[in-house]
Amino acid sequence: MRINKYLSGCGIDSRRKCEQLVLDGRVKINGKKATELATDVKDGDYVEVDGHAVTVAHKLVYIMLNKPKGCICSLSDEHGRKTVLDIVKVKERIFPVGRLDYDTEGLLLLTNDGELANKLAHPSSGVKKTYYVRVEGVPTAAELKRLRDGVTFGGVKYAGAEVSIVDEDGGNARLSVTISEGKNHEIKNMIESLGRRVMLLKRVALGGLRLGGLSRGEWRYLSARETERLKAL
């Protein structure tokens with residue numbers, strides 16, 4: 001099994017992040033540093049990350065967190081900021097699927113299933129993600145059409161989104177925005193292309209999953225039906 005796939009299956013992190021661990025020289029196989037991504041792990045090999053032995057997870061777990069603002073989607077932080085693993089504490093090694101920005105809240109999946117995480121996070125998956133976005137002012141019909149047709153901001157082209165106004169309050173609007181690309185800062189950049197500012201960003205749905213009544217900072221295990229729905233995407 002390729003080293004990145006093996007590490008992801010151990011619940012270390014996503015396959016892409018595990019590749020960086022290898023390149024950074026933090027992985028050893030049978031006491032020897034592994035720095036080539038083409039390295040294979042064979043039966044009986046002893047694998048370490050940062051000096052700690054790791055093994056493929058036998059129990060797969062799938063967790064939904066309503067991520068609050070003010071925490072990061074990383075396993076640790078050199079600046080001492082709160083991470084999602086400070087909130088979700090389980091005995092299994094888990095990692096977030098994709099990421100939400102520090103000041104973005106809402107639905108975040110955590111798992112030790114590297115295969116599923118890789119499929120969901122890959123741009124080609126086309127998995128739909130729905131956000132509630134509170135924006136400064138009320139976008140015009142022409143601005144909403146631009147978002148639906150796709151915009152370019154900072155030299156990056158963003159595909160069209162499903163957009164509707166949910167409500168208006170105090171001269172500002174709350175939008176429902178559904179995207180399927182998952183580029184960095186995608187929604188913020190799309191709104192900024194209109195000359196408007198995002199005041200609040202919250203993910204409320206991913207694929208067939210919805211946040212529902214989960215309060216900020218609360219988490220729960222996915223049901224078997226929800227897990228199967230994700231795997232079928």
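How many of the residues of strand 5 (residues 62–67) are buried? Select that strand: six of its six residues are buried, so by the cut-off each has under 20% relative accessible area (exposed is over 50%, partly exposed in between; 1.4 Å probe, protein chains only). Strands here are DSSP runs of E with at least two residues, numbered from the N terminus.

The model is predicted, so local features need pLDDT of at least 70 and side-chain atom pairs count only at pLDDT 80 or more, while totals for chains, interfaces and linings use all residues. Residues are numbered from 1 along each chain as its sequence is written, and side-chain values use heavy atoms, with hydrogens and water left out.

Next, show the side chains of strand 5. Y62, M64 and N66 are on one side, I63, L65 and K67 are on the other, and all are buried. In a regular strand the side chains alternate between the two faces of the sheet.

Now add the neighbours. Strand 7 (residues 105–111) runs antiparallel to strand 5 and is joined to strand 5 by six bridges; I63 has L110 as its bridge partner there. Strand 15 (residues 219–221) also pairs with strand 5, antiparallel, over three bridges, with R220 opposite M64. Pairing requires at least two DSSP bridges between the strands.

Stay on strand 15 and select W219 and Y221. They form the one aromatic pair of the structure. Their ring centres are 5.5 Å apart and their planes are at 75°, so the pair is edge-to-face (centres within 6.5 Å, using the six-membered ring of Trp; planes over 60 degrees apart, with under 30 stacked and the rest tilted). W219 is partly exposed at 28% relative accessibility, and Y221 is partly exposed at 43%.

Conventions:
Helix = DSSP H or I, 4+ residues; strand = E, 2+ residues; numbered from the N terminus.
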